[in-house]
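Me: I have a structure open and have not looked at it before. Can you walk me through it?

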Amino acid sequence: MSGTASSIVLGFLLATAYGTLFHLLIGGPARRLFLYVIASWLGFTAGHFIGDALLLDWFKLGPLNLLAASIGPWLALFGSWWLAGRST
């Protein structure tokens, strides 16, 4: 498995874990789990590419920019929680 493929798998697993952890902490109906996981995937991807564009190299693991890619999902998760109505 190449470095890029393993980074995609790691990013997918981390983003899924962030989304499920957020749902575990916030709670709510099961349909919100899908919202949170998708928001986390999108935020992780956006965070990684924004981190690369801004040349943030503080915590990289191979080609994956983990610091920016870990901030992105949490911003997306809180944004989706707020937009969905903040109800449990």
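Reply: One term to begin with: contact here means heavy atoms within 4.5 Å. With that, leaving aside neighbours within four places in sequence, Phe 44 is in contact with Gly 11, Leu 14, Ala 15, Tyr 18, Leu 64, Ala 69, Gly 72 and Pro 73. Keep in mind that this is a predicted model.

Me: ok, which residues make up the largest nonpolar core?

Reply: That core has 10 residues: Ala 15, Tyr 18, Phe 22, Tyr 36, Ala 39, Phe 44, Leu 64, Leu 66, Ala 69 and Leu 77. Helix 1 (3-26), helix 2 and helix 3 (66-83) are the elements that each give two or more residues to this core.

Me: Back up a bit. How many helices and strands are in the chain?

Reply: The protein chain has three helices and two strands. Along the sequence, the pattern reads α-α-β-β-α.

Me: And what radius of gyration does the chain have?

Reply: The value is 13 Å. A compact globule with 88 residues would have a radius of gyration near 12 Å, so the chain agrees with that. Along the principal axes, the C-alpha atoms fill a box of roughly 40 × 30 × 15 Å.

Me: What share of the residues count as buried?

Reply: Of the 88 residues in the protein chain, 31% count as buried. The chain exposes about 5500 Å², with 76% of that area supplied by carbon and sulfur atoms.

Me: What about contacts, how many join residues at least 24 apart?

Reply: Taking contacts between residues at least 6 apart in sequence, 59% join residues at least 24 apart.

Me: Let's pick single residues. Where is His 48 found?

Reply: His 48 belongs to helix 2, which covers residues 30-53.

Me: Is His 48 buried or exposed, and why?

Reply: His 48 is buried, because its relative accessible area is 12% and buried means under 20%.

Me: What does His 48 touch?

Reply: Not counting residues up to four places away in sequence, His 48 touches Pro 63, Leu 64, Asn 65, Ala 68 and Ala 69. Among these, Leu 64 and Ala 69 also appear in the list of contacts for Phe 44, and both belong to the nonpolar core.

Me: Now Val 37. Which helix is that in?

Reply: Val 37 sits in helix 2. Val 37 counts as buried, at 11% relative accessibility.

Me: And what does Val 37 touch?

Reply: Thr 16, Gly 19 and Thr 20, with residues up to four places away in sequence not counted. As for Phe 12, 25 residues from Val 37 along the chain, the C-alpha atoms of the two are separated by 10.0 Å.

Me: Change of topic. Which residues form the nonpolar patch on the surface?

Reply: Val 9, Phe 12, Leu 13, Ile 38, Trp 41 and Leu 42, which together have about 580 Å² of accessible area. Helix 1 and helix 2 are the elements that give two or more residues to the nonpolar patch.

Me: Take Val 9 then. Where is the place of Val 9, and at what relative accessibility?

Reply: Val 9 is in helix 1. Val 9 counts as partly exposed because its relative accessibility is 38%, and partly exposed lies between the 20% and 50% limits.

Me: How many salt bridges does the structure hold?

Reply: Two. Asp 52 forms one with Lys 60, where the closest N and O atoms are 3.6 Å apart. Asp 57 also forms a salt bridge with Lys 60, with the closest N and O atoms 4.0 Å apart. Asp 52, Asp 57 and Lys 60 are thus linked in a network of salt bridges.

Me: Why would side chains pair like that?

Reply: Side chains of opposite charge can pair when their charged atoms come close.

Me: What relative accessible area do those residues have?

Reply: Asp 52 has 29%, Lys 60 has 36% and Asp 57 has 49%. Asp 52 is partly exposed, as are Lys 60 and Asp 57.

Me: Last one. What is the phi of Leu 55?

Reply: Leu 55 has a positive phi of about 60°, although this residue is not a glycine. Leu 55 lies in the loop between helix 2 and strand 1 (60-61), and counts as exposed at 67% relative accessibility.

Terms used. Residues are numbered from 1 along each chain as its sequence is written. This is a predicted model: local features need pLDDT of at least 70, side-chain atom pairs count only at pLDDT 80 or more; totals for chains, interfaces and linings use all residues. Side-chain values use heavy atoms; hydrogens and water are left out. Helices (H or I, at least four residues) and strands (E, at least two) are DSSP runs, numbered from the N terminus. Buried means under 20% relative accessible area, exposed over 50%, partly exposed in between (1.4 Å probe, protein chains only). A nonpolar core is a set of buried Ala, Val, Leu, Ile, Met, Phe, Trp, Tyr and Cys residues joined through side-chain atoms within 4.5 Å. Patches are made of residues with over 30% relative accessible area and no salt bridge: like charges are joined within 9 Å, nonpolar side chains (Val, Leu, Ile, Met, Phe, Trp, Tyr) within 5 Å. Accessible areas come from the Shrake-Rupley method with a 1.4 Å probe; for residues, only the protein chains shown count as cover. A salt bridge is a side-chain nitrogen of Lys or Arg within 4 Å of a carboxyl oxygen of Asp or Glu. The radius of gyration is taken over C-alpha atoms; the globule rule is 2.2 Å times the number of residues to the power 0.38.
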